[in-house]
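Please open the structure in your viewer and keep the selection tool at hand. We will go from one stop to the next, with a short note on what to select at each.

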Amino acid sequence: MDRLQVFRREAALRIGLIGAGRIGTLHAGVLIANDAVDELIVADIDADRAKSLAEELGAWHLDQPEDLFDISDAVVIASSTETHVPYLLHAAEAGVPAFCEKPISIDLETADQAVTAVHESGIAVQIGFVRRFDTGHLAAREEIVSGGLGDVLLVTTQVHDREAPSEDYIAVSGGIFADMLIHDFDSVRFVTGSEFVDVTVTGSTHAMPVFGTYDDFATTTVTAHLENGAIVVISGTRANAAGYDVRMEVFGTADSIAVGLDPHTPIRTLEPGLDLPRPPVTVSWLDRFGSAYRAEMEAFTRLVTEGGTSACTIDDGRAALVVAAACRKAAVEERPVFIEEIG
Ligand SMILES: NC(=O)c1ccc[n+]([C@@H]2O[C@H](COP(=O)([O-])OP(=O)(O)OC[C@H]3O[C@@H](n4cnc5c(N)ncnc54)[C@H](O)[C@@H]3O)[C@@H](O)[C@H]2O)c1
């Protein structure tokens with residue numbers, strides 16, 4: 001390898017970004033500002049969308065997403081969920097490291113094709129569970145590891161999107177568990193270091209009947225047991241007029257903590273003397289997780305240039321999908337489901 005190539009691998013990456021939709025646009029802005037990224041090439045099945053995003057950012061664009069694998073040092077897969085496995089298979093075949101948005105797939109059988117191919121090829125893969133890079137979630141993990149909370153009794157998480165996604169998105173999203181609460185399944189695993197044992201769910205389409213058309217819920221709760229003995233309660237809704245609200249609380253025998261609760265959290269307190277929330281109220285993913293989205297891409301570009309262990313492996317992606325599949329089964333069969341029933 002000559003000096004020029006060494007320089008290119010270590011300091012200047014050409015990243016191929018697949019998908020110029022909501023999250024692809026966010027990642028594009030993050031990547032273009034990342035010091036390790038020399039060139040960004042955007043591709044989307046909607047070539048005009050890729051072109052206009054690339055032009056806005058001063059990036060390149062390609063009409064055929066598949067062509068990115070021949071010319072990129074690494075790819076970021078941010079297209080619709082059903083495209084993740086085909087593009088991961090491409091990446092494995094081409095030997096190109098890949099960042100892949102969650103979920104790997106909407107079903108485990110398809111996801112496992114990618115899991116096997118990634119393991120066999122040995123390519124570096126990072127799955128897009130952004131909360132692993134959020135300072136609050138990282139601090140909660142430290143509190144638990146250090147024993148500061150004592151025995152963990154109860155973990156609660158809340159995920160409230162600002163606006164429901166489009167009907168086109170709902171149709172292919174894989175449902176609220178695989179699409180939205182999957183972040184909570186991962187954050188609970190990550191923060192507690194413990195695995196889910198079982199899940200019980202409830203859900204409704206109240207005020208958002210379009211979700212019923214796709215056999216999905218708009219609002220849901222999941223209660224679960226963890227292997228460490230803690231109980232988990234996760235609640236989520238697809239639309240929350242007040243803003244984008246992602247929180248976690250951990251109650252232990254020695255102390256209790258909250259993540260994501262600050263003066264800008266989009267919930268109005270009715271306690272006298274407290275004028276909360278204060279502007280700027282958290283309304284978007286970027287407001288809530290801007291620094292975490294930057295940190296996850298920095299971790300990925302470091303993984304590509306320096307090697308090491310992925311901060312969120314494809315096995316982590318699979319583990320969260322197993323919990324989502326258990327929730328789906330629990331909803332359909334209207335009973336608690338053990339994780340070991342899923343595999
Ligand atoms: N980590 C996060 O915070 C986060 C947030 C939102 C979405 N996501 C995930 O990101 C993915 C995209 O979500 P979104 O909200 O951006 O959706 P979106 O519908 O806004 O955008 C999807 C894009 O993929 C493109 N696309 C579809 N098929 C393609 C193909 N075969 N090749 C290339 N491009 C193709 C579409 O044209 C569109 O531009 C989903 O898997 C979603 O679960 C993650």
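Select the ligand together with the residues around it: there are 26 of them in this predicted model, and those that come nearest are Asp44, Arg49, Thr81, Tyr87 and Tyr293. Stay with Tyr87 for a moment, and look for the N or O atom in its side chain that lies 2.6 Å from a nitrogen atom of the ligand. Next select His84, where an N or O atom of the side chain is 3.2 Å from an oxygen atom of the ligand, and then Ile23, which instead offers a polar backbone atom, 2.9 Å from an oxygen atom of the ligand. If you now show the surface, you can follow how the protein covers 87% of the 840 Å² of accessible area that the ligand has on its own.

Now turn to the sheet. Select its 7 strands, which form an open sheet with mixed pairing, and trace them in the order β12-β11-β7-β10-β9-β8-β13. Why is one side of β12 (256–259) and of β13 (337–338) left without a neighbour in the sheet? Both strands stand at the edges and each has a single partner strand, so there is no neighbour on the other side.

From there, select strand β8, residues 196–204, and strand β9, residues 219–226, which pair in the antiparallel sense over 8 bridges. Within this pair, pick Val199 and you will find it standing opposite Ala224 in β9.

As a last stop, select helix α7, residues 135–146, which packs on the sheet and touches β7 (152–160), β11 (245–252) and β12. Compare the direction of α7 with that of β12, and you should see an angle of about 160°.

Conventions: Residues are numbered from 1 along each chain as its sequence is written. This is a predicted model: local features need pLDDT of at least 70, side-chain atom pairs count only at pLDDT 80 or more; totals for chains, interfaces and linings use all residues. Side-chain values use heavy atoms; hydrogens and water are left out. Two strands pair if DSSP finds at least two bridges between them. Helices (H or I, at least four residues) and strands (E, at least two) are DSSP runs, numbered from the N terminus. Contact means heavy atoms within 4.5 Å. Axes are lines fitted to C-alpha atoms, for helices over the stretch in contact, and angles run from 0 to 180 degrees between N-to-C directions. A residue is near a molecule or strand if one of its heavy atoms lies within 4 Å of it. A polar contact is a pair of N or O atoms within 3.5 Å; within protein, one must be able to donate a hydrogen and the other to accept it, and residues adjacent in sequence count only if both atoms are side-chain atoms. Accessible areas come from the Shrake-Rupley method with a 1.4 Å probe; for residues, only the protein chains shown count as cover.
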